[in-house]
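Me: Please take a close look at one part of this model for me. I would like the strand pairing at one edge of a sheet, and then what surrounds it.

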2 protein chains.
Amino acid sequence: MYLDKINSPDDLKSLSVEELDCLAEEIRTSLLDRTHEVGGHIGSNLGIVEATIALHYVFNSPIDKIVFDVSHQCYTHKILTGRREAFTVPERYKDVSGFTNPKESKHDIFKVGHTSTGVSLALGLAKARDLRGDKENIIAVVGDGAICGGEAFEGLNNASMLNSNFIILFNDNEMSIANNYGGMYRHFRKLRETQGKCSNNFFKLMGFDYLYLEEGNNIGKLIELFESVKGHERPIVVHIHTQKGKGWPYAENNKEAGHNIKVGGYNPYCEVGQRQECYENLTREYLLDKLAKDSSIMVVNCATPASQGLTFEFRDKAGKQFLDVGIAEEHAVAYCSGIAKNGGKPVLVIQGTFMQRTYDQLMQDLGLNETAVTVLVFAGGLYPSETTHSGAFDISMVCNIPGLTCLAPTNVEEYFSMLDWAIEQEEGPVVIRVPMVVRHANSKESFSSEKAKKYELLRKGKDVAILGLGNFALLAEKVEKRLASEGIKATMVNPRFYAGIDKDFLESLKDEHRLVVTLEDGMLSGGFGEKIARFYGNSDMKVLNFGGDKEIYDRVPQDELYARCRLNVENIVSDIKAILLPVLKLVSNA
Amino acid sequence: MYLDKINSPDDLKSLSVEELDCLAEEIRTSLLDRTHEVGGHIGSNLGIVEATIALHYVFNSPIDKIVFDVSHQCYTHKILTGRREAFTVPERYKDVSGFTNPKESKHDIFKVGHTSTGVSLALGLAKARDLRGDKENIIAVVGDGAICGGEAFEGLNNASMLNSNFIILFNDNEMSIANNYGGMYRHFRKLRETQGKCSNNFFKLMGFDYLYLEEGNNIGKLIELFESVKGHERPIVVHIHTQKGKGWPYAENNKEAGHNIKVGGYNPYCEVGQRQECYENLTREYLLDKLAKDSSIMVVNCATPASQGLTFEFRDKAGKQFLDVGIAEEHAVAYCSGIAKNGGKPVLVIQGTFMQRTYDQLMQDLGLNETAVTVLVFAGGLYPSETTHSGAFDISMVCNIPGLTCLAPTNVEEYFSMLDWAIEQEEGPVVIRVPMVVRHANSKESFSSEKAKKYELLRKGKDVAILGLGNFALLAEKVEKRLASEGIKATMVNPRFYAGIDKDFLESLKDEHRLVVTLEDGMLSGGFGEKIARFYGNSDMKVLNFGGDKEIYDRVPQDELYARCRLNVENIVSDIKAILLPVLKLVSNA
């Protein structure tokens with residue numbers, strides 16, 4: 001085994017190309033073994049094994065700095081930079097994050113998990129280098145999926161003006177997570193077909209020097225290529241054609257399915273046996289039915305269709321009524337606004353963490369323009385995630401943007417009735433936080449604009465009212481039961497919406513209640529509960545807000561995460577009693 | 001006068017080219033007259049008079065739909081679509097917004113004031129048209145400044161795949177607000193120099209059909225050009241070369257200064273006589289001094305340098321230590337993160353409303369990566385603005401992003417001491433909300449990490465504590481005085497920071513206070529005050545939060561704006577007394 005001897009990039013430099021080839025195979029085997037056990041982005045990593053070896057063979061990391069855009073392709077880099085055992089020793093598989101992480105190694109420059117930032121980040125490194133007059137190489141490794149995100153374009157536009165060393169390794173494996181879409185990809189195909197020689201060349205017209213290598217998985221040729229650009233004193237794009245999923249026949253033939261392997265999944269509410277019913281599948285079936293009945297409905301997604309249940313079959317059936325715009329979240333929102341403005345009924349299906357790219361568009365293009373766009377936010381909630389992919393922040397972001405109606409259904413039937421309404425109404429944008437808890441109501445009641453502004457009284461109690469938003473309706477019920485067992489009958493409320501408050505309802509609670517408790521499956525800061533605390537600020541009503549801390553958690557296990565935020569029945573009941581009992585006692589003594 | 005007879009685009013269609021030329025001159029005169037009186041974006045509007053006339057001559061608005069990207073260039077369009085008198089009758093100058101606005105006219109499709117969204121919005125219109133099988137023309141009018149924003153690129157990437165009518169009028173006047181920067185602009189120059197004939201062509205390589213017109217201010221040729229693309233059944237880019245500021249010698253020769261004319265300005269705190277001292281000028285002088293002393297400091301701006309006081313002279317003197325990256329806010333943040341990571345000291349100077357584009361980058365590239373970037377947010381506050389340029393939302397956005405230190409100085413000396421500290425510290429990103437109130441402290445005290453987490457006790461009082469954040473320290477003082485005149489001595493607090501709370505301080509207030517009042521110059525929803533309401537939710541402390549409603553105001557005069565939000569001394573004192581007096585009475589009776 002060559003791999004056993006690689007503890008740092010230096011250990012590569014004495015190996016021959018043949019030996020490096022063997023090493024590549026060993027690495028590939030370890031990638032497949034580990035990923036099948038713990039999951040991860042396998043396709044892109046398999047494709048870039050050779051290029052990563054060649055990079056570390058030629059350049060001198062960490063003095064030379066390699067930035068991996070989105071870092072879906074950093075596994076080999078981790079193996080070569082002292083973290084081998086996290087890929088070869090099963091007990092240590094979970095030692096490393098799936099993304100670059102400076103806390104793990106000085107060879108990782110940034111924590112990155114959202115795409116299209118690599119050129120910008122690396123260009124900043126280059127600028128700082130120039131300001132202090134140094135000469136190290138700066139390399140941005142960018143995939144073809146990432147390079148068409150708007151921010152990457154902005155970075156390229158700036159980078160091409162630099163008068164010093166800046167190397168962009170453009171790793172073209174012909175695939176984003178799903179199929180690439182857009183004019184630029186026709187162009188990249190042309191570049192590949194002409195071996196980079198066609199006269200129309202995007203990178204050259206911007207001012208970059210440009211080199212092309214067809215055999216992007218050939219270590220010898222890669223080394224030669226990288227040696228030729230090492231120390232290059234102008235911005236240069238090195239375009240290599242690699243094979244996504246290389247060495248794993250399944251991924252070679254199923255590039256999207258082979259993009260990543262999911263083990264377990266992040267839904268903390270899914271019990272064994274429940275997995276077959278999930279909101280991804282439910283939503284897909286619902287949308288298929290709707291699309292067939294109404295040709296003005298358009299479903300839009302941003303490069304992650306499979307994660308939201310929009311399978312190949314869905315995409316086929318939807319035909320012109322579906323578009324994956326690629327890693328272009330900003331565009332997607334404005335595009336949907338345009339569709340709505342001209343009589344279409346757009347449904348944007350998006351993962352919460354990536355919706356963060358669209359704060360301005362949600363406000364300007366949707367809220368301000370009052371366009372009837374339905375936004376389905378998936379994967380919102382407190383669950384163990386990588387730092388870069390937290391589901392904790394979507395409530396706080398959207399609920400403070402004027403003009404958005406934000407709904408949090410608590411069960412399948414409520415979700416669908418909200419969806420029915422959202423798609424057909426013409427008043428303005430509606431954000432629906434797709435729940436994770438698959439639960440059913442007894443019946444499906446129709447939803448309305450009025451309901452979108454009103455809390456629902458579930459059960460009337462006394463002294464304490466509990467508002468369990470969306471996913472946390474379940475937690476609220478558990479609290480209710482525990483309180484009941486101790487003789488406290490809580491008023492139970494489904495708030496339904498979280499971008500504002502139902503003032504009349506909250507006012508009415510003052511009569512027979514001393515305490516209002518809010519539960520939300522997301523960060524408290526800026527969220528739903530704080531608005532209620534503000535409402536009651538001038539009154540005698542006590543308020544307890546439960547939710548996530550203002551923190552980006554790093555793969556914290558579910559139980560620990562809940563414990564840290566006091567999000568379990570014991571803590572909540574104990575906090576309620578601590579407030580309620582003295583007050584009630586005071587009153588009974590009065 | 002031809003202009004007097006133009007009440008709708010139909011009235012154009014009977015005029016000859018010569019008559020349209022006369023009309024253009026009349027329009028130009030009215031644009032100059034009006035803008036010198038009430039301000040506005042004049043340069044871009046002067047450049048596109050002819051093209052707008054030709055558009056409305058050839059196309060059939062509002063059936064054919066014209067979307068103006070950022071709508072800095074929509075004045076002639078407004079004149080031709082029934083809003084003439086808002087440009088010719090001084091008493092009616094203020095009837096219309098400076099941007100397109102569907103509430104004014106069916107010819108305005110969207111409210112737009114942030115750049116680079118036009119292609120996406122228009123493409124949505126085209127998609128909806130195709131879904132219902134119609135044939136109207138869809139035209140996006142995009143300037144060269146806007147077309148290099150990342151979102152525009154995302155839109156182009158998608159638009160080039162459309163198999164139906166989609167016309168992009170690329171209005172190339174060689175200028176963004178300030179000078180254009182980036183590789184794409186070298187390319188556009190090449191296109192102009194070759195009359196659109198060079199083989200390397202960005203639009204063609206994406207898949208667009210493409211036409212070029214050098215004489216972009218020639219109505220006859222424009223009409224011919226537009227006739228040739230009317231009903232074109234593929235996406236096409238029509239590239240016209242126009243003259244920014246045409247017809248106004250000053251703007252022709254001073255294109256940036258001639259971009260817009262400011263009359264008055266938006267700073268509600270600037271009294272007559274105070275104008276010479278403003279934070280824009282103070283910041284510029286401060287930065288110039290710093291840059292000269294420390295070559296690792298880098299100032300970055302996004303296409304609006306003059307608005308933040310970064311004059312030509314500043315840019316010259318700063319040299320390599322300044323970069324205007326153009327309309328590329330996302331890139332700017334990540335770029336700064338890279339600079340900080342490699343030992344530089346980046347200062348991002350940005351207008352609050354445009355910072356909205358960077359929510360994700362602030363979280364992922366700054367907060368998560370803990371890079372020591374200083375962000376100076378200008379124009380944050382409640383003041384009369386266009387809907388698209390509100391200053392009310394920056395606090396609520398940044399204060400809920402983990403990992404950011406957010407500071408709100410209350411006077412010049414405090415601002416500079418925070419800046420001194422922010423630039424030199426290495427702990428993480430610091431957002432400073434540049435105040436509008438130019439006031440001076442007696443001395444400049446050094447700032448520190450500890451102070452960035454601690455409230456400052458200004459004066460100790462009793463019963464009520466008032467926290468006046470940033471700009472509203474002044475309002476807090478006025479309230480203090482009024483209360484004092486009524487025998488209530490308030491505890492006065494400068495909270496200094498707003499991304500979290502000083503729990504110890506708030507806890508200590510419980511001893512001798514019944515009420516805490518927060519004042520913030522921005523939207524309450526998700527803001528600074530709500531965090532304090534949440535903190536006290538389980539206690540007997542009453543809390544009153546004052547700030548802006550969750551609403552996008554449309555040029556609401558300052559007094560009315562404050563009145564709507566109860567943001568004046570009378571209301572605040574009255575609310576305080578309404579709470580405090582009964583409580584105190586209760587206590588004194590007990």
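Reply: B:Thr405 has B:Val430 as its bridge partner, and B:Val430 sits in β11(B). The model is a predicted one. Three bridges join β10(B) to β11, residues 430-433 of chain B. The two strands run parallel.

Now the wider sheet. It is open and has six strands, in the order β7-β6-β8-β9-β11-β10 (chain B). The pairing is parallel. Strands of a sheet pair through backbone hydrogen bonds, either parallel or antiparallel. β10 (405-407) of chain B stands at one edge, and β7 (322-324) of chain B at the other. Each has a single partner strand, so one side of each lacks a neighbour in the sheet. On average, neighbouring strands are turned by 20° against each other, direction ignored.

A helix covers part of this sheet. Helix α13 (residues 279-293) of chain B lies across β6 (297-301), β8 (345-351) and β9 (374-378) of chain B. Helix α13 runs at about 145° to β6(B).

Next, the partner chain. A rotation of 180° with 0.0 Å of shift along its axis superposes chain B on chain A, with an RMSD of 0.0 Å. That is the relation of a two-fold axis. Both copies use the same surface: 100% of the contact residues of chain B recur in chain A.

The contact takes 93 residues from chain B and 93 residues from chain A. On the side of chain B that touches chain A, helix α6 (residues 118-131) of chain B gives the most, with ten residues. By class, that side of chain B has 36 nonpolar, 38 polar and 19 charged residues.

Definitions and conventions:
Residues numbered from 1 in each chain as written. Chains lettered and ligands numbered in written order. Predicted model: local features only at pLDDT ≥ 70, side-chain atom pairs only at ≥ 80, totals over all residues. Least-squares fit on C-alpha atoms with pLDDT ≥ 70 in both. Contact = placed C-beta atoms within 7 Å. Pairing = 2+ DSSP bridges. Helix = DSSP H or I, 4+ residues; strand = E, 2+ residues; numbered from the N terminus. Axes fitted to C-alpha atoms, helices over the stretch in contact; angles between N-to-C directions. Nonpolar A, V, L, I, M, F, W, Y, C, P; charged D, E, K, R; others polar.
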